[in-house]
Amino acid sequence: MELKKLLQRGGMMLHKWCTNLSPTNAKEFPLDRYSEEIQVKTLGMIWNSVSDTFTYKANVSLNLGYTKRDVLSQIARIYDPFGFLGPVISKAKIFMQQLWLLKLDWYEILPPDISQQWENLIKTLPNLEKIKVPRCFLKISAIGLVLHGFADASSKAYGAVVYMQTVSITEESNCQLLCSKLRVAPTKVVTIPRLELCACLLLSKLTRRVISALKMQIESVQLWSYSTIALAWINTPPNLLKTFVGNRVSHI
């Protein structure tokens, strides 16, 4: 049954739609007009129907003088729900944190050296348009699915990333980035081991959300951290630890 007739039976009128099927493979979904290159903005992201990939659009505003409001506005324009642009967005958020520490007003022009740092950063943003993220992360008939998660931290930020490893019938292995999450370290000084523990907690929460969203049979889940101190805390009963550490270990 044609898609249009199916929707009409449900009382819905089809105005706009797009598919990643070519005309030769889409006989049951006839198109009135087909384009070789169709880019559709869906859920805040740009989808290329031909390559079946997500891409990004960077709208950069270069001014003679920047304010804290301009910086926040530019950061808000970068929509990245899956965290693929974490390394870039983290730099922007760390810069914003520095502005808060300077206690600048919203409409106050940034000092020349700070303004130059921001301009150097946003001039690199158009490079984000070169990034293409495959929409489909499971293209083969997998006989085994393994989730790998990695947690890491520095003095300025900490984050977590989750990958899916698939094994096919031919025993070929494929690894695909699923999502990541990043947090800027608080302005109050926190030791690196504690930030590593915060990264582990962030990873455990992110992994739980991934498992819930996938609704697939996962063979195993392997979460990684190279912080021996954080790993020792996690393997210790929470009641034997200090409050800050014990609460996070309990959640993990």
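## Report on a predicted protein model

At 36% relative accessibility, Glu108 counts as partly exposed. The model in which this residue appears is a predicted one. Glu108 is placed in the loop between H3 and H4. Leaving aside residues up to four places away in sequence, Glu108 touches Tyr66, Thr67 and Lys68. Glu108 and Lys68 are separated by 40 residues in sequence, and their C-alpha atoms are 7.1 Å apart in space.

**The protein as a whole**

The protein has 252 residues, of which 35% count as buried. Its secondary structure consists of seven helices and eight strands. When contacts between residues at least 6 apart in sequence are considered, 63% of them join residues at least 24 apart. The accessible surface amounts to about 16400 Å², and carbon and sulfur atoms account for 55% of that area.

**Lys68 and two tryptophan rings**

Lys68, already mentioned as a residue touched by Glu108, also lies over aromatic rings. Lys68 is over the face of Trp100, at 3.8 Å from the ring centre. Lys68 likewise lies over the face of Trp106, where the distance from the ring centre is 5.0 Å.

**Helix H4 and its neighbours**

Helix H4 covers residues 112–122, and its buried residues are Ile114, Ser115, Trp118, Glu119, Leu121 and Ile122. Seen down the axis of H4, these buried residues fall within an arc of 160°, so they line one face of the helix. In general, an α-helix has 3.6 residues a turn, so residues three or four places apart point the same way. The buried residues of H4 pack against helix H2 (68–77) and helix H3 (86–102).

**The hairpin of E2 and E3**

Strand E2 (residues 45–48) is covered on both faces. Met45 and Trp47 are buried on one side, while Ile46 and Asn48 are buried on the other. E2 pairs with strand E3 (residues 53–55) in the antiparallel sense, over three bridges. Within this pairing, Trp47 stands opposite Phe54 in E3. The two strands form a hairpin with four residues between them, and Asp52 in the turn has a positive phi of about 55°.

**Strand E6 and the aromatic cluster**

Strand E6 runs from residue 157 to residue 168, and nine of its 12 residues are buried, so the strand is largely enclosed by the rest of the structure. E6 is joined by 11 bridges to strand E7 (residues 173–184), and the two run antiparallel. Tyr163 stands opposite Leu177 in E7.

Tyr163 also takes part in aromatic pairing. The model contains five aromatic pairs. The ring centres of Phe150 and Tyr163 lie 6.1 Å apart with their planes at 85°, so this pair is edge-to-face. Phe150 lies in strand E5 (residues 142–153) and Tyr163 in strand E6, so the pair ties together parts that are 13 residues apart in sequence. A second pair involves Phe150 and Trp224: their ring centres are 6.4 Å apart and their planes at 15°, so the pair is stacked. This pair links distant parts of the chain, with Phe150 in strand E5 and Trp224 in strand E8 (residues 220–224), 74 residues apart. Phe150, Tyr163 and Trp224 together form one aromatic cluster.

How buried or exposed are the members of this cluster? Phe150 is partly exposed, with a relative accessible area of 38%. Tyr163 is partly exposed as well, at 29%, and Trp224 is partly exposed at 43%.

**Two lysines with positive phi**

Lys103 and Lys215 each have a positive phi, a value noted in a residue other than glycine. The table sets out their positions and values.

| Residue | Location | Phi | Relative accessible area |
|---|---|---|---|
| Lys103 | Loop between H3 and H4 | Near 60° | 72%, exposed |
| Lys215 | Loop between helix H5 (192–214) and E8 | Near 55° | 71%, exposed |

Lys103 is thus placed in the loop between H3 and H4, which is also the location of Glu108. Lys103 counts as exposed because its relative accessible area, 72%, is over 50%. Glu108, at 36%, counts as partly exposed. Lys215 is found in the loop that leads from helix H5 to E8, the strand that holds Trp224.

Key: Residues are numbered from 1 along each chain as its sequence is written. This is a predicted model: local features need pLDDT of at least 70, side-chain atom pairs count only at pLDDT 80 or more; totals for chains, interfaces and linings use all residues. Side-chain values use heavy atoms; hydrogens and water are left out. Buried means under 20% relative accessible area, exposed over 50%, partly exposed in between (1.4 Å probe, protein chains only). Contact means heavy atoms within 4.5 Å. Accessible areas come from the Shrake-Rupley method with a 1.4 Å probe; for residues, only the protein chains shown count as cover. Two strands pair if DSSP finds at least two bridges between them. Rings of Phe, Tyr and Trp (its six-membered ring) pair if their centres lie within 6.5 Å; planes under 30 degrees apart count as stacked, over 60 as edge-to-face and the rest as tilted. A charge sits over a ring if NZ of Lys or CZ of Arg is within 6 Å of the ring centre and within 35 degrees of the ring normal. The arc is that of the directions from the helix axis to the C-beta atoms.
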